[in-house]
Amino acid sequence: MTKTNPGQHKRAIERSLASLYALIDNRGEDLATRPSPFPPQNTSALEKLLAQECARLTSSADTRLTIAKHVCKALRLHLWLHEVSTFVESDNGHLISCLINQAEAFIHRHQQDEPVTAHRASAIISSLQKQFRVKSHTLHQLPCTPTTTAKRVELIKKYLTPTSRILCLGDDDFVSVALALVVPNEITVVDLDPQVTTMIKRLARQQHLRISCQTADIRKPLPDNLYHFFDVVVTDPIYAVKETLLFLSVAESCLRPSAQSYLLSCCSRTLAGAAWHGVADWAASRGLIVHEVLSGFNEYPKTTRIQTLLKIAERLFCRSAVTKACVGIPFLYSDLVVFRFDRSERGNEL
Ligand SMILES: C[S@@+](CC[C@H](N)C(=O)[O-])C[C@H]1O[C@@H](n2cnc3c(N)ncnc32)[C@H](O)[C@@H]1O
């Protein structure tokens with residue numbers, strides 16, 4: 001995980017925005033003369049260019065991506081690097097759309113400087129993240145930005161009543177901490193990583209927060225008292241569809257079967273592509289409906305490994321000014337979906 005300071009972060013964002021806008025601007029990448037924010041006509045011209053590139057690459061890069069997948073499999077890279085495994089399992093068209101969507105999400109988020117929020121929670125989350133040793137390969141950890149954690153808190157608050165019980169199923173993003181700083185509700189964290197649960201427990205003790213933690217593996221049965229107990233469950237699953245379904249199934253089984261219960265899950269619908277039907281079918285089979293979808297809601301700083309793998313893949317298999325600028329973006333984006341039980345199907349209080 002690359003740990004950058006706020007100044008480096010800001011410069012990386014500016015550089016990346018400049019190289020994207022340079023695609024429609026022959027004056028080049030001079031940061032000093034960059035109008036900030038970019039005029040709306042520049043933004044729509046850039047979005048048009050990205051859409052054209054997406055269509056062009058979908059037909060032209062197909063064969064090269066298929067060869068790349070064969071090479072990765074022959075070298076057995078997909079067995080060692082889960083990012084490569086996601087690459088070989090994803091449909092070529094969706095990989096291209098995903099790359100272009102990431103650039104669009106980045107432009108929407110950063111073309112205007114985000115207001116600096118001197119939020120107490122953001123400072124605490126940043127300091128927790130600095131101490132946290134990310135286990136990206138074994139546990140697929142990829143902590144989001146503190147701003148995203150703060151945004152999730154605002155979203156979760158919409159779904160709470162004063163008595164709602166909340167479960168964070170996996171919490172390397174420290175949502176439980178940021179939430180407990182602003183709401184009085186009881187919060188439970190379940191995570192396989194003892195470092196996550198220990199750090200949260202310690203902070204909860206210091207700050208007198210109502211958080212309890214359990215170190216547990218969701219691939220095995222959880223303690224009985226967690227099932228059908230929570231009004232709101234929040235999770236950021238592993239994005240491979242099979243693992244997403246595991247996280248979602250466990251999350252659903254911990255929800256109180258009520259029309260007022262909500263399951264908030266991060267996901268990447270573009271990367272899942274056609275396989276997203278599996279999630280839709282799963283939801284229907286549990287009597288859940290999609291209550292809200294927030295595209296590009298989550299922002300994650302790219303790890304050095306992801307950045308390197310993307311750069312190598314781009315140079316070997318795509319090689320265009322547009323894909324180079326897209327790959328240079330310092331973040332990854334994903335969506336957030338809110339599910340709830342379908343009242344019409346299962347009655348108001350189930
Ligand atoms: C799954 S990771 C986020 C993955 C990210 N969305 C991705 O696809 O790269 C979120 C949290 O789940 C935890 N986690 C991973 N596997 C787990 C398991 N089998 N049981 C419980 N928690 C798990 C991690 O430690 C982390 O804190």
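## Ligand shell, domains and a helix pair in a predicted model

In this predicted model, the ligand is surrounded by 19 residues, and the closest of them are Gly170, Asp172, Leu192, Ile218 and Tyr239. By class, this shell holds nine nonpolar, three polar and seven charged residues.

The protein chain as a whole contains 17 helices and seven strands. Its radius of gyration is 21 Å, close to the 20 Å that the globule rule gives for 350 residues, so the chain is as compact as a globular protein of that length. Taken along the principal axes, the C-alpha atoms fill a box of roughly 60 × 45 × 40 Å.

The domain assignment divides the protein chain into domain 1 (6–110) and domain 2 (120–302 + 331–346). The C-alpha centres of domain 1 and domain 2 are 27 Å apart. To the contact between them, domain 1 gives 14 residues and domain 2 gives 13 residues. On the side of domain 1 that touches domain 2, the elements that give two or more residues are helix 5 (82–89) and helix 6. Helix 6 provides the largest share of that side, with nine residues. The side of domain 1 that touches domain 2 comprises three nonpolar, eight polar and three charged residues.

Helix 6 (residues 92–110) also packs against helix 2 (residues 40–60): their axes come within 9 Å and cross at roughly 170°. An angle over 145 degrees counts as roughly antiparallel, and helix 2 and helix 6 are therefore roughly antiparallel to each other. From helix 2, the contact involves Thr43, Leu46, Glu47, Leu50, Glu53, Cys54, Leu57 and Thr58, which meet Gly93, Ile96, Ser97, Ile100, Ala103, Glu104 and Ile107 in helix 6. The residues of this contact divide into eight nonpolar, four polar and three charged.

The class make-up of the three residue sets is collected below.

| Residue set | Nonpolar | Polar | Charged |
|---|---|---|---|
| Shell around the ligand | nine residues | three residues | seven residues |
| Side of domain 1 that touches domain 2 | three residues | eight residues | three residues |
| Contact of helix 2 with helix 6 | eight residues | four residues | three residues |

Methods
Residues numbered from 1 in each chain as written. Predicted model: local features only at pLDDT ≥ 70, side-chain atom pairs only at ≥ 80, totals over all residues. Axes fitted to C-alpha atoms, helices over the stretch in contact; angles between N-to-C directions. Helix = DSSP H or I, 4+ residues; strand = E, 2+ residues; numbered from the N terminus. Parallel < 35°, antiparallel > 145°, perpendicular 65-115°, else oblique. Contact = placed C-beta atoms within 7 Å. Nonpolar A, V, L, I, M, F, W, Y, C, P; charged D, E, K, R; others polar. Near = placed C-beta within 6 Å. Domains from an automatic or database assignment. Rg over C-alpha atoms; globule rule 2.2 N^0.38 Å.
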